[in-house]
Amino acid sequence: MRKPFVAGNWKMNKTAEEATALVKEMLPELQSVAAVERVLCPPFTSLMIVSALLTGTGLGTGAQNMHWEAQGAFTGEVSPRMVKEFCQYVILGHSERRTYFAETDALINKKIKAALEVALTPIFCIGETLEENQASRTAEVVIRQVKEGLAGLTQEQAKGIVIAYEPVWAIGTGLAASGTGANAVVKDYIRSTLEEMFGRQVADAVRVLYGGSVTAANASEFFEQPEIDGALVGGASLKPAEFVNIVKAAVR
Ligand code: PGA
């Protein structure tokens, strides 16, 4: 049994003051949905305050990125241990990092290993672009991202990670994938690759989320799919009532 999982990716939104107000508005309702693993991922500057607000509530805190080195001369970067001070999770390999900051599969693999070393759970994002989708390259791209992103992990490490399948063409566009379409990608390309790499038990244990224009109106379409265990929510995670309803829809 995989516990449903919903994370809010706030991206580059909210000052610490605004983040505080947003958490306070959503928290009472979110706390009542204990059957779902709930994670908020604010920008770095709000991690300290958000994690303090979430302590003891049953909700987790996640970062949206981090560097792979433990420390050193990397101006502007944040290390795994710094993230670990405030977080249990870290989003890695998000398509915006891949596209705007040239993150490669090999680099994301380094970050995943660095996260696991400090016992942070990676929320590992994969997904094909519109161009790749239209060229029928979804299988090839998604399988490559899983293989290279998770290369060298032990079965034990692989079992604990969370994967988010986020077709790039669905992110922030209002054009979500279909539930059945996303389910097929998760089953045929993601879980099958996990099985090939780590065995059936791991493939069955890993939580796989859908991400890309998830709203309170379409969330159930994804959550009722057998291979989809929750959602990584961008825009809608900034709207309190909307996000609460998405989390509630994830209860099995
Ligand atoms: P969206 O973003 O829900 O705004 O499409 C999802 C994501 O980028 O994780």
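In this predicted model, helix α4 (95-100) and strand β5 (121-126) each put at least two residues into the lining of the largest cavity. A search of the whole structure turns up one cavity of 30 Å³ or more, and the volume of the largest cavity comes to about 40 Å³. Its walls are made by Gly-93, Ser-95, Arg-98, Cys-125, Ile-126, Gly-127, Glu-166, Val-168 and Ile-171. Sorted by class, that lining splits into four nonpolar, three polar and two charged residues.

Helix α4 turns up again in the largest pocket, where it gives the largest share of the lining, three residues. This pocket holds about 410 Å³ of space. Its lining counts 15 residues, and Lys-11, Met-12, Gln-64, Arg-97 and Phe-101 are the ones nearest its centre. Two or more lining residues come from each of α2 (44-54) and α4. On the class count, the lining of the largest pocket has seven nonpolar, five polar and three charged residues.

The ligand, though, is found in the second largest pocket. That pocket has a volume of about 230 Å³, and of its 20 lining residues, Gly-172, Ser-213, Val-214, Gly-235 and Ala-236 sit closest to the centre. Polar residues number eleven in this lining, alongside five nonpolar and four charged ones.

Turning to the ligand itself, 13 residues surround it, with Lys-11, His-94, Glu-166, Gly-172 and Ser-213 coming nearest. The shell breaks down into seven polar, four nonpolar and two charged residues. Some names in this group have already come up: Gly-172 and Ser-213 are among the residues closest to the centre of the second largest pocket, Glu-166 helps line the largest cavity, and Lys-11 is one of the residues nearest the centre of the largest pocket.

Several short polar distances can be picked out around the ligand's oxygen atoms. On the side-chain side, a polar atom of Lys-11 lies 2.7 Å from a ligand oxygen, while an N or O atom in the side chain of Glu-166 is 2.6 Å from an oxygen of the ligand. Ser-213 joins in through its backbone, with a polar atom there 2.7 Å from a ligand oxygen. As for exposure, the ligand taken alone would show 280 Å², and the protein buries 95% of that.

How values were computed: Residues numbered from 1 in each chain as written. Predicted model: local features only at pLDDT ≥ 70, side-chain atom pairs only at ≥ 80, totals over all residues. Heavy atoms only, no water. Near = heavy atom within 4 Å. Polar contact = N/O pair within 3.5 Å; in protein donor to acceptor, adjacent residues only side chain to side chain. Areas by Shrake-Rupley, 256 points an atom, 1.4 Å probe, with all protein chains shown as cover. 1 Å grid on protein atoms, 1.4 Å probe; cavity = no way out; pocket = protein on both sides within 12 Å on 5 of 7 lines; lining within 4 Å. Sits in = over half its atoms within 2 Å of the grid points. Nonpolar A, V, L, I, M, F, W, Y, C, P; charged D, E, K, R; others polar. Points joined across faces, edges and corners; volume = space filled by probe spheres on them. Helix = DSSP H or I, 4+ residues; strand = E, 2+ residues; numbered from the N terminus.
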